[in-house]
Structures are given as structure tokens and as C-alpha cells.
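Dear colleague,

I am handing over the structure below, and my notes on what was found in it follow. Please read them with the sequence at hand.

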Amino acid sequence: MSDDDILVEVRDLKVHFPIKRGVIFDRTVGHVKAVDGVDLRIPRGKTYGLVGESGCGKSTLGRALLQLTPPTDGQVVFDGVELTTLPAGKLRTMRRRMQMIFQDPMSSLDPRQNVESILTEGLQTHGIGKDRDDRRRIIGETLDAVGLPRWALSRYPHEFSGGQRQRIGIARALVLGPELIVADEPVSALDVSIQAQVVNLLDELQDSLGLTYLVIAHDLAVVRHISDMVGVMYLGALVEEAPSDRLYTEPLHPYTRALMSAVPVPDPDVEDRRERILLAGDLPSPANPPSGCRFHTRCPWAQPTRCADERPVLREIGASRVACHWAEQIASGELRPHKVSAEVVRPEGEGETPGVVSAPSEPGSYV
Amino acid sequence: MALLEVDDLSVTFSRRGQRTVRAVDGVSFSVDAGEVVGLVGESGCGKSVTSLAIMGLLPKQPGLAVGGKAVFDGTDLLQLDDRSRRDIRGRDVAMIFQDPLSSLNPVIPIGLQVTEVLARHRGMKGAAAEKEAAALLDRVGIPDPKRRLKEYPHQLSGGMRQRALIAMAVACKPRLLIADEPTTALDVTIQAQILELLKELVRDSGTALVMITHDLGVVAGMCDTINVLYAGRVVETARRRPLFREPRHPYTVGLLGSVPRLDAGRGERLNPIPGSVRDVLPWPDGCAFAPRCSRRVDECVGEPPQLVLTYDGRGYRCVNPAPVPGTEPGQEVRDTVPTQAAPGSVPAQAEPNDPPTVPGLGPAPSEEETA
């Protein structure tokens, strides 16, 4: 990765949620390690894509980066400023420069606020615009940028279609003139044809405004389409990071390979030809992750040595960073995949009374 | 005679004081034994209502009208009374739903839910039924099936729940399986497992499968024949290779252009369909897709386009279809004999010799030829 102009740098970020039991005494019986030691850097004006299956911690990482979920450990440096230790007032002024787009536009927009009020709120909070007319002008320009008509201002979210609602969500983030936008599953609630419109809109906005994106999604095809750099997460940690073209042509980590082969491609010829790597079983519980390499329980290339007891660190191979002890041997074909039997994975601890996973109190909805 | 012949199926919901909704509007398709037929479309196109109507699962409410025929092995499923429909449902025709958590009963163990089917249709009881249920769970790839039988749905992961649901569906070796978005709620690696399982079941037992999905990637890997639905009608039907290689209906072209592909490079812009599903023209007034269509001509508005059949058994409902690369628009229809169309795939309202383009219009713009 080029070192010239890094906007965001995340160092060894950890977010652990306590698992609590008991009625009178809140005993902490363990931790869900949602994010467990992630390093990443996002250059200014580029798009970093984060993929992984549900429960891998990608959304928590996005929220922790914006300090919407307080990180347990580690640092987030935004344009030279360390965010984790920043006092609340200063953090709030920083928030103008980093905004978020949420997955479900219906539940992230207040149904009782009209579009003008939704867009004005942030401007007022940050004291942007001299008076009402000035704010109106800013809002009007933002609406044009996201492709919404001016009459939308007096309407309420329920009067719009899904794609238009997502445009309102994008406008709400853009109106403050941010530098970084964290988009958490920006298109997964939308229909295919609408999805393409929003993806193109995000691309165009980046070209015209020079935005930096962190795009979080489970759909590898979408992430690869929109990103310059893609990070693949598994159980709270990055397993591979590579330029998006390279990730497709030369996936190094076994999990990336399996993920790639599982994504359906709308082309019968490709579908019939390609080889599938089917993973056995489900994602292990993040409260009790496997020792060593977290993927070794499902990995078709797992070896008897090292994999089960030594946690691999991200190391550079070519332009990629990969966390696998045997990446070179797998790439050269020296190691062959073998069959893995599925292990039983429980949604929560062995069917006993489910423990209460309490997230640390959220710092409110000042977006 | 195909195993299932859906002929001119229509479902309307009407309510006093409100606009009548034609959710499904004259859908026809057929499924042969061992064949996988896909119904593809965006939300609101009527694909789920089609499956519920075939299964007789639409809620019985005033204002609901189901028309047309769905002939399964000689009996019209839509005309059956509840009792005989219950005999067929689960035994000959079974369904897999989208969300396994809401379609499994949360307060009954998995085992009991699987044996219920066995008891109702195969008269199995007690230990025999339990043994069979364990064998079924084992067949769909659930580890340690004996223990799973005593567990409740919340104790299983999403992929395992979907497997349990599939086990229930295939318990009586049905001849027709309808899968309504079976993998939409699942992660991609789990989706790959479930799709592989469905493919295996079809291959091993000769079960016919109707696959309902919005994901073009899923149908590309699975289906033999694909029907693309828009606003309650089939707008294009074709075998899978011709459909993906040479889509004719502008909506299919648009859908294929909208999907970001894993094997495409970074920086290529997608070609989305403008507008949204809300911008439809009612079918009697013309082509419902016309307001969003880039190939719209004057003939699109006025009367609904007829289904045009071409030589290889494909059909599209369009007066100005996307040209096939390398041929003059309309040429391939006039040059070939329409009787080569596969029997059984000729829906009632089709007009075989209808030329697809309006004469004198000249070659259409070719920007969306490739998608």
C-alpha cells in the first residue's frame, strides 16, 4: 500500500463485549471478541472494502472506527488525530469529517422528520451555514448531488422507494461535507437494479468530491466492484488484504479462496467450469474462538503443525497481506486440500439459558 | 405432458375503496420431472405469490381471486378441496421457505416437526419414524442427527435450520419441490452448501425443482429453464445459456447489466435500470416496463405486448427486443420454423409468428447488446 497520504490508520483495534450472567450481581463470564486486533490503513480518496460473513465483526469495526462503539483497546488515527482518547466535545467536531451510511434506510431515518429536517439537523449541530437560506442552499446542492428532486424536501421517508431512501441516507452523510464515509451494507437491502444505481452514485460522488470510503458488505462482488483495496475478515480479524484485482486473480488465504468460489456468478459457463471449495460447518462462536489460526477448524488445507496452536500474523506476500502460515505452499500447489468434517456450532452456549450480551452504552445518535 | 403445467395463472387482491392489485397476471410455465426451473425477478414481481398460489397457501380472505390452472400430474391443484390438497401437499409437492426461523415452530423440537410429515403421509410411528427422521437429517448433512432431533430451532444455526427445513420437504420423496428464496437469508459459504445439497437431491431422486430467487448468479448455476418476471408477468423465458448469452428482453438485459460481477475489473461502471419498480404501467395499457425501458418505441404503449416465440424454445414479451449479436433484428424469427419450439413450453396466449420488431424501424441502437 502506498504510504503517501493516509487518512485513517487503525492500529491493533479490539472491541470486546462482556457476556453477563446473574440477576443481582452482574458477573462477567466471558467476552465476545467481536474485533480482535485489526490493523488497517486507508489512503485519502481511496475505497477500502471490508468483507466477511455475518458475525465476523465487520460492522463493529466500522462503528468502532467512528467511535460509535467505544473500542476496548487500540488506536484509530484520523488525519493525524488519535480518536480513542479525544474528549467528547472535540470528537463531536471531528464527526463532521467522518460520516456513516447505514444498511436499512427505513430504520435509520426518523419516520416523523421530513427530509429537510433530517438534513438540517446535522448542519445545525455543527453550525454550518449562516442562516436558513444558506442552509437551504447547501441542502439543495446535496439533493442534486445524490439525484433527488427538490420537492423531496417536504416529504417524509415513507413516501419514497427503497433506493430513494438510501439516497436520503447518503445525502444526510454528505451534507456536512465529510472526508471519510463509512458505508455499512449500503446496498444489501435494495433490489438488483436499484443496487446498481446506488453503487454508481457512490462511485460518482467519490470522483467529484474526492471522498474516502470504508465500504462494509457481505457481498464480495459489490465490494470488489467498488473498492481499491479489500480486506477479508474472519472471526474478528483480517485474514487477507489485497488490491481488489489481485484478490480475485490470486487469493492467498484459504478462507478467501472458499469465499470466492462460493459467490455465484451470473454466467452459466463460468458456473459450470469453476471449482467449488465447500466449507464444512458454520462460523465458530466469537465468544470462544478456536485456538491458533481461527480458520483451522474449517480449513481444507489445515496442517497438523502450527495451524492449531500458533496464531498467524498478517505478513506481506507480493502486494497482499495474508494471515496464513502456509500461504506460499498453498499457492504453489504443494499442499493439497483435504476433506473436513463439520463441527457442531451453537448459536449460543450449548442451549442453556442464553447469556445476555450487553453492548456498551451507545453514544447516542448524533450523526 | 409435463409434471407441472401452470397455465395463465393470475392472482388478484381487491379491497373495497382501493385499487385492485394484480399480483400475478397470466403466468404460464411448465416443469418436467428432474428439471430445474427458475423464476427470477425483483421484489414485487409476483414470484412468491405464484408459488403460494400453486401450493394453495394464500390466506383465504375476501377479495382474493386465483384464476387459471396449475395442473400437477393430471390434477388441477387450484380446483382441489382442502382435504385432498393436504394429501398432495408434503407428499407429492413440497415447499422450502426463505426464512427457516419463522417457518419452523419455535416451541416444538426439530424431531417432532420432521416426524409429523412422516406420520401424516407415510403412516410411520414411534421408533421407526424417529429412525427415518434421523436418516433424513443425516442425508441433508446435519452432524450428529440423533441429538439434533431433540433440539429446538433456536439451538441450530441458520444453515442447519435451512437443512432441517429441506429434510422435512424431502421426507416423502416429493416429485416437485418449490424453493422460495431458499438461500437469501444465508451467508455465501452456507449458500454454496445449500445449493450443492439441492443440486444433489435433484440429481439423485429426479425431483423437479422450481427455484424462486432474485439472484441471477444462483439461477446461472442451477436452472435448466429460466422465467424472468416483471410486474406479475413472464417477460422472458429461455434455457439458461441463451438467456445469459443473448438476453432479448430489455429488462433481462438491464438486470444482467446491474449485477456487479466478481470476475469484472474495478472501475467498470454498472448499467443500472433507471427508475424503480414503482414506475410501472398497468399491463392493459401497454408494456409495464416501458417507463423504465431504454428501447421504448411508440408501439410499447397502447396494448400489452404479446409473447414472441423463437426457434430455440425461448420467448419474450417485447415489441422491440435487444438484437442478437451478429444478426439483423427480427431475422432469426422469420427464417426459422416456429414449430421447433419445445412442446409444453408454448403458453396459451403466445402468437408464434409475431415479428419482434416493428417493420421500417431500422436497426435498433446497439449500446446494450452486451451486458
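To begin with one pair of residues, V37(B) has T225(B) as its bridge partner in β9(B). This is a predicted model, in which local features need pLDDT of at least 70 and side-chain atom pairs count only at pLDDT 80 or more, while totals for chains, interfaces and linings use all residues. Residues are numbered from 1 along each chain as its sequence is written, chains are lettered from A and ligands numbered from 1 in the order in which they are written, and side-chain values use heavy atoms, without hydrogens and water.

The strands of chain B

V37(B) belongs to one face of strand β3 (residues 36–40) of chain B, which it shares with L39(B), while V36(B), G38(B) and V40(B) make up the other face, and both faces are covered, with each of these residues buried (under 20% relative accessible area with a 1.4 Å probe, protein chains only; exposed is over 50%, partly exposed in between). Four bridges join β3(B) to β9(B) in a parallel arrangement, and five bridges join β3(B) to strand β8 (residues 208–213), also running parallel (strands are DSSP runs of E of at least two residues and helices runs of H or I of at least four, numbered from the N terminus; two strands pair if DSSP finds at least two bridges). Within β8(B), it is I212(B) that stands opposite L39(B).

Strand β9 (residues 225–230) is in turn joined by six bridges to β10(B), and here the two strands run antiparallel, with V234(B) in β10(B) as the bridge partner of L229(B). Two residues lie between the strands of this hairpin, where A231(B) takes a positive phi near 50°. Six of the seven residues of β10(B) (residues 233–239) are buried, so the strand is largely enclosed by the rest of the structure. Two bridges also join β10(B) to strand β12 (residues 315–316), running antiparallel, and T237(B) has G315(B) as its bridge partner there.

The interface of chain A and chain B

The contact (heavy atoms within 4.5 Å) takes 59 residues from chain A and 54 residues from chain B. V192(A), H225(A) and P266(A) lose the most area to chain B within chain A, together 14% of what that side buries. Six salt bridges cross this interface (a side-chain nitrogen of Lys or Arg within 4 Å of a carboxyl oxygen of Asp or Glu), and E196(B) forms a salt bridge with R276(A), with 4.0 Å between the closest N and O atoms.

Salt bridges within the chains

Over all chains the count comes to 42 salt bridges. D5(A) and R44(A) meet in one of them, at 2.9 Å from N to O; D5(A) lies in the segment before β1 (6–21) and R44(A) in the loop between β2 (27–43) and β3 (47–51) of chain A, so the pair ties together parts that are 39 residues apart in sequence. D5(A) is partly exposed at 33% relative accessible area, as is R44(A) at 34%.

R97(A) and D79(A) meet in a salt bridge at 2.5 Å, where R97(A) counts as buried at 18% and D79(A) as partly exposed at 30%. These four residues are linked with E179(A) in a network of salt bridges.

In chain B, R85(B) forms a salt bridge with D82(B), the closest N and O atoms being 3.9 Å apart, and the two are separated by about one helical turn, being three residues apart in helix α2 (residues 82–88).

With best regards

Definitions and conventions:
Buried area = accessible area lost by both parts, 1.4 Å probe.
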